[in-house]
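Here are a few exercises to work through with the viewer open. Try each one yourself before reading the solution.

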Amino acid sequence: MARPHLEHLEQKDPALNINSRLPEDKNRSDNPTGSGTASTRTRTSTRRGITVWPAVETLMTPPILALFFALAATALVFFFSSRQNLHPISASSDSPSPFSIPTSAAFSPASPDSKKAYKMSATEQTFIAIKPDGVQRGLIGPIISRFENRGFKLVAMKLVAPDEKHLRSHYADLDTPKNAKWFTPMIDYMKDQPMCAMVWEGRDAVKTGRAILGATDPLASAPGTIRGDYALDKGRNICHGSDSVENAQKEIALWFEKSQVLSWKHSQAHYFMEL
């Protein structure tokens, strides 16, 4: 049905049939008598079978096709992602989709049990000891001020001179043949020397206490920490702090009797923490 219509248009306006006109014109110029070769006639008749408009030929270039497919892929991705956004988080889903819209359940208030656990951390205790170099340099007061200003409560403190057995019990996890090169000189330096042993209580006392002290190596400690402000050498790093809640409990029991750790109410606690 389309072919007779195209032939009718070509008869009315020969300029429309560009593909068939160019070979014929060339054939006429090469053969003035009008007798073209068979191959030329065959090629002309073949191109006449499929008429392609010049604008369509321009659009069918590889760059245009690549751009078209890229736009189509982008549209598909946008379509499917927008459909996922319409589905809220399922209450029974353990791993919700990152494209999901949070529902009111995601912003529900904390349960009473979680609030109770959060308040329990306000009574966490940590063991802090000022080593002989800190005591000799008169840093007991400044170190105590650091913890008091942060809002921690001092519940036990005493000045002691531990013997070698006591120190080896305290540093039992470090007493290995691998560490013998520096461990034995450290014990010899600290034994029978004045040390200030303390127990501090407060929210996340172990983690925050370590942050107040700074890194074990003073040269790696940030300015503003105790070791970053007062120490230079790892063997003279001023103080010791518990590195976990479990070790804090063991160290407190090693250095203090239970009756020596006081329980008292801080009159300004509500100014430091939400109780």
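**Exercise 1. Sort the lining of the largest pocket by residue class, then find where the lining comes from.**

Start with the classes, keeping in mind that this is a predicted model. The lining of the largest pocket splits into 10 nonpolar, 8 polar and 10 charged residues.

Next, put a size on the space: the largest pocket has a volume of about 740 Å³. Its lining counts 28 residues, and those closest to the centre are Tyr171, Leu174, Trp182, Met186 and His240.

Now go through the elements. Helix H9 (164-170), helix H10 (180-190), strand S4 and helix H13 (245-255) each give two or more residues to this lining. H10 supplies the largest share, with 5 residues.

**Exercise 2. Do the same for the second largest pocket.**

Volume comes first here: about 210 Å³ of space lies in the second largest pocket. Then look to the centre, where Ala122, Lys153, Glu201, Ala269 and Met273 are the closest of the 12 lining residues. Finish with the classes, which come to 5 nonpolar, 4 polar and 3 charged residues.

**Exercise 3. Work out the strand order of the sheet and say what packs on it.**

Trace the pairings step by step. You should get an open sheet of 4 strands in the order S2-S3-S1-S4, with antiparallel pairing. The edges are S2 (153-160) and S4 (239-241), each of which pairs on one side only. On average, neighbouring strands are turned by 15° against each other, direction ignored.

Zoom in on one pair: S2 and S3 (residues 195-201) run antiparallel and share 7 bridges. Within that pair, Met157 sits opposite Met198 in S3.

Last, check for a helix against the sheet. Helix H11 (residues 205-213) packs there, touching S1 (125-130), S3 and S4. The direction of H11 makes about 25° with that of S1.

**Exercise 4. Decide which stretches call for caution.**

Begin with the chain as a whole: its mean pLDDT is 77, and 63% of its residues reach 70 or more. Then look for the weak spots. Residues 20-47 have pLDDT below 50, and this stretch makes 17 contacts in the model beyond near neighbours in sequence. Residues 86-101 also have pLDDT below 50, with 13 such contacts beyond near neighbours in sequence.

How should you treat these contacts? Where pLDDT is low, the predicted coordinates should not be read in detail.

Notes
Residues are numbered from 1 along each chain as its sequence is written. This is a predicted model: local features need pLDDT of at least 70, side-chain atom pairs count only at pLDDT 80 or more; totals for chains, interfaces and linings use all residues. Side-chain values use heavy atoms; hydrogens and water are left out. Two strands pair if DSSP finds at least two bridges between them. Axes are lines fitted to C-alpha atoms, for helices over the stretch in contact, and angles run from 0 to 180 degrees between N-to-C directions. Contact means heavy atoms within 4.5 Å. On a 1 Å grid over the protein atoms alone, a cavity is a set of points where a 1.4 Å probe fits but cannot get out, and a pocket is an open set with protein on both sides within 12 Å along at least five of seven lines; lining residues have an atom within 4 Å of a point. Grid points are joined across faces, edges and corners, and a volume is the space filled by probe spheres set on the points. Ala, Val, Leu, Ile, Met, Phe, Trp, Tyr, Cys and Pro count as nonpolar, Asp, Glu, Lys and Arg as charged, and the others, Gly among them, as polar. pLDDT is the predictor's confidence in each residue, from 0 to 100.
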